[in-house]
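Open the model in your viewer and keep the selection box handy. We will go from stop to stop, and at each one I will say what to select and what to look for.

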Amino acid sequence: MPLLKRKPYVLSEPPTDLKPRQHVYQIRFTREIFRDYDEYLTKINLYRQRVWTCKVTAKTNLTYEEALVSELNATEKIQKFPYELIPSVLQTVQFSMLSLKDLVNTITVKLQYHLLVGEELYGKRDDCVSLCQIIKVLEEGDNKTRYEVAWLDKDKKRIGTAVVNAEDLIRKKLPFTREVLKSFIRESTYRNVPWVLHDKWAQEHAISTDPPEEIRSKYFFKDGHLVINKKKRKTEDDKQNITEIRNGQVGKSKNKLEREKSEGLVMERSAEKEDFEPKEEPINYPIDDLLVRPGPDDPVFTDRPSPSRDFTVPMDCVGDLLMVWDFVSSFGRLLHLFPFSLQDFENAICHKDSNLIIIVETHSALLRLLVKDDGQYFTAIQEKKRKPKITIITWTEYLCDFLEMVEMPELSSCIPTIKRGHYGLLETHAKLGIFRELIAQTLATDLVRKKLDEYIEERQTLAATKRGEAIEEGRKKREEKERLKAESAAVQEANGHGLENNNTSDDALGNSDGKKSSKKQKVDVKDQPESGKDPSKKEANKMTLQQPKADKKETTEKKSIEQRREYLQREIDKRFIRTEPLGKDKEYNRYWFFRRDGRIFVESWDSKQWGYYSTKEELDAFKGSLNRKGVRERALQSQLEKSYNKICFELQKRSKDVAQKIAMEEAVLRRSTRVRAPPRDNPAVAFLKYVNKWKED
């Protein structure tokens with residue numbers, strides 16, 4: 001049981017008069033039940049504070065749940081403590097007055113040089129080292145000890161016995177660590193200094209429970225536990241009081257002494273009460289977002305904007321749509337598929353035409369990669385003797401072969417429709433389901449895995465380069481700072497000498513002949529700065545003239561370093577591994593940002609609802625609505641701040657593109673019929689004119 005302020009903490013008792021269908025609040029890891037939500041919240045906040053201590057390992061600054069896990073792990077290690085060493089260890093621990101550190105050192109030294117019956121180690125046998133077990137310790141004269149051992153085979157079965165000397169036995173190291181020994185001592189005792197074993201340990205291993213003579217006068221047993229003899233302490237205190245009275249401290253009246261005694265008793269009881277009833281300590285943020293309460297120190301939060309939900313595909317298909325588009329866009333070079341926008345892909349998926357170029361090329365690129373892998377799909381098309389080239393005419397045949405190979409009932413039902421040439425009439429769910437299975441098979445190919453391995457290695461190399469340059473930049477800054485500091489100190493020292501020289505010259509002028517004419521004095525005063533000019537001032541003027549050049553050079557270097565850092569980050573981003581969400585909010589909604597689409601997508605906790613933010617104003621409002629007191633929203637806000645400039649750039653770029661498309665559409669509508677010039681392309685149907693510029697020949 002974890003300790004609070006190094007003392008046992010008693011859990012709350014469950015209510016006794018609960019009704020069968022009554023709603024209650026239960027803490028998962030303590031099984032405590034509460035009717036009132038405020039009581040539950042207070043208790044869970046206490047458990048989440050880092051004020052708990054592991055009873056077994058004495059680790060501090062833990063939450064209650066972390067302390068429980070620590071105790072469980074330590075107990076598992078204690079159970080592996082060598083059984084043959086336990087009696088010797090407990091014998092040393094019982095009634096020891098040493099500190100834990102000294103006690104562990106004593107036991108370690110004792111076990112290092114004193115071997116015990118039943119212990120397994122290695123011994124020299126016929127010029128080789130073999131595993132053995134000590135059967136008996138043979139004491140001989142002159143402080144020499146011999147051991148009777150049993151030789152063991154690989155299965156630890158006895159194959160013979162022998163008597164060997166102590167120097168012929170080899171113990172490489174103790175079969176436990178110091179931390180495990182400390183945990184074992186804490187687990188087997190109920191008090192320290194003197195250390196006293198639990199009754200079950202003492203009885204099991206026949207350890208005496210009678211205290212030694214030197215501590216009997218200070219301690220005695222009460223209710224089966226060793227406690228300090230307070231009467232002895234009281235007698236000593238009384239003797240001290242008598243000594244004080246004899247020394248003249250008798251000015252206090254009897255009533256005053258009784259009053260002070262009663263006040264001391266009250267203070268002692270209140271201190272004990274404070275120990276067992278923990279105070280409500282301030283909350284250390286961040287905590288779980290759902291436990292955060294409004295506070296007077298909270299900033300003014302903005303209203304969280306509602307995300308847009310105007311998708312063309314059904315709401316439950318948005319996740320698959322984003323996944324498919326993100327994959328084919330990120331691995332376009334490997335697939336030989338020219339990138340296209342998410343909007344074009346969404347429009348193409350919902351279109352009823354069966355031979356849209358964007359759909360045909362995407363399917364063909366994925367199928368070609370499966371053919372190149374020489375796997376199960378390659379074998380399937382070889383058996384059907386398909387032509388090696390996938391074209392706009394034959395792509396449906398290859399797709400049907402793939403669906404027959406995977407044997408998924410929900411996809412196999414689409415095969416007749418596709419064979420009749422009506423792929424466009426399939427439901428959106430079916431189209432995206434086919435794409436999802438194609439990508440799953442593609443990810444398992446050796447080609448994609450090899451490319452991922454290359455990307456991972458290149459990302460690590462670029463990250464190491466970026467980290468090394470940052471370290472080098474920091475070193476140069478420190479050296480420059482030290483150099484400037486040294487130059488400044490030298491200039492100050494030189495200026496100090498110059499002032500001393502000027503003062504000396506002034507004193508000389510003051511002691512000169514007073515009969516000189518006023519004109520001569522004026523000439524001397526005028527000529528004095530020229531003759532007494534300090535070389536340090538020349539140096540300072542020279543440095544002043546060189547300062548603009550140095551500032552310009554420093555600005556150029558900083559700009560170059562920043563450009564280099566941005567270049568390395570762009571190269572790292574190009575090595576795509578997978579897209580990770582920006583984070584989660586209080587309600588566990590996930591937020592996604594894709595590199596090639598200028599929107600922030602919002603996914604509900606159950607993945608059934610999707611939305612997006614598409615403007616910088618929405619991003620700022622959402623960012624201002626996050627509460628940093630919560631764990632999830634703090635991490636999300638930090639990630640948004642880290643990527644803020646990049647996200648804002650993409651959002652503004654997309655807003656300009658959308659405004660330009662709207663203007664073009666309006667221009668097409670306003671176009672006069674009297675002008676016979678060909679109309680401009682309508683952006684709404686741009687997906688119909690897609691061309692794969694990276695297609696293989």
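Start by selecting residues 3–4, strand β1, together with β5: 2 bridges join these strands, which run antiparallel. Within this pair, L3 stands opposite T53 in β5. Before going further, please keep in mind that this is a predicted model.

**The sheet around β1**

Now add β2 to the selection. The three strands make an open sheet in the order β2-β1-β5, and the pairing is antiparallel. Which strands stand at the edges? They are β2 (7–8) and β5 (52–53); each has a single partner strand, so one side of each is left without a neighbour in the sheet.

**Three strands in a row: β7, β8 and β9**

Next, select residues 128–139 (β7) and 145–152 (β8). These strands pair in the antiparallel sense over 7 bridges. To find your bearings, label C132 and W151: C132 stands opposite W151, which belongs to β8.

Keep β8 on screen and add β9, residues 158–165. Here 7 bridges join β8 to β9, and the two strands run antiparallel. A useful pair to label is R146 and N165, since R146 stands opposite N165 in β9.

How many residues lie between β8 and β9 in their hairpin? There are 5, and K156 in that turn has a positive phi of about 60°.

**A loop residue and its distant partner in sequence**

Select N192, which sits in the loop between β11 (189–191) and β12 (196–197). Its relative accessibility is 44%, so N192 counts as partly exposed. Then select M97 and draw a distance between the two C-alpha atoms: they are separated by 7.9 Å, although N192 and M97 are 95 residues apart along the chain.

**Backbone angles worth a look**

Move on to A206, found in the loop between α6 (199–204) and α7 (213–216). Its phi is positive, about 55°, although A206 is not a glycine. Is A206 buried or exposed? A206 is exposed, with a relative accessible area of 66%.

For a peptide bond, pick Y285 and P286. The bond that joins them is cis, with omega about 5°. P286 belongs to the loop between α9 (254–276) and α10 (318–330).

**The cavity**

Turn on your cavity display. The structure holds 1 cavity of 30 Å³ or more, and about 50 Å³ of space lies in the largest cavity. To show its lining, select L334, L335, H336, A365, R368, L369, K372 and E696. The elements that give two or more residues to this lining are α11 (332–335) and α13 (357–372). Colour α13 if you like: the largest share of the lining, 4 residues, comes from α13.

What is the chemical make-up of this lining? Its residues divide into 4 nonpolar, 1 polar and 3 charged.

**The sheet from β15 to β18**

Now look at another open sheet, in which 4 strands follow the order β15-β16-β17-β18 with antiparallel pairing. Its edge strands are β15 (583–584) and β18 (610–613), each pairing on one side only.

Zoom in on β17, residues 600–603. This strand and β18 pair in the antiparallel sense over 4 bridges. Within the pair, V602 stands opposite G611 in β18.

Between β17 and β18 runs a loop, and S607 lies in that loop. Select S607 and check its backbone: phi is positive, about 65°, although S607 is not a glycine. S607 is partly exposed, with a relative accessible area of 31%.

**Last stop: helix α23**

Finish with residues 631–642, helix α23. At 1.5 Å a residue, the 12 residues of α23 should span 16 Å; the end C-alpha atoms are 17 Å apart, which agrees.

Then select R632, E633, L636, Q637 and L640, which are buried in α23. Where do these buried residues fall when you look down the axis of α23? They fall within an arc of 125°, so they line one face of the helix. An α-helix has 3.6 residues a turn, so residues three or four places apart point the same way. Rotate the view until you look down the axis of α23, and that face should be easy to pick out by its buried residues.

Terms used. Residues are numbered from 1 along each chain as its sequence is written. This is a predicted model: local features need pLDDT of at least 70, side-chain atom pairs count only at pLDDT 80 or more; totals for chains, interfaces and linings use all residues. Side-chain values use heavy atoms; hydrogens and water are left out. Buried means under 20% relative accessible area, exposed over 50%, partly exposed in between (1.4 Å probe, protein chains only). On a 1 Å grid over the protein atoms alone, a cavity is a set of points where a 1.4 Å probe fits but cannot get out, and a pocket is an open set with protein on both sides within 12 Å along at least five of seven lines; lining residues have an atom within 4 Å of a point. Grid points are joined across faces, edges and corners, and a volume is the space filled by probe spheres set on the points. Ala, Val, Leu, Ile, Met, Phe, Trp, Tyr, Cys and Pro count as nonpolar, Asp, Glu, Lys and Arg as charged, and the others, Gly among them, as polar. Two strands pair if DSSP finds at least two bridges between them. The expected span of a helix is 1.5 Å times one less than its number of residues. The arc is that of the directions from the helix axis to the C-beta atoms.
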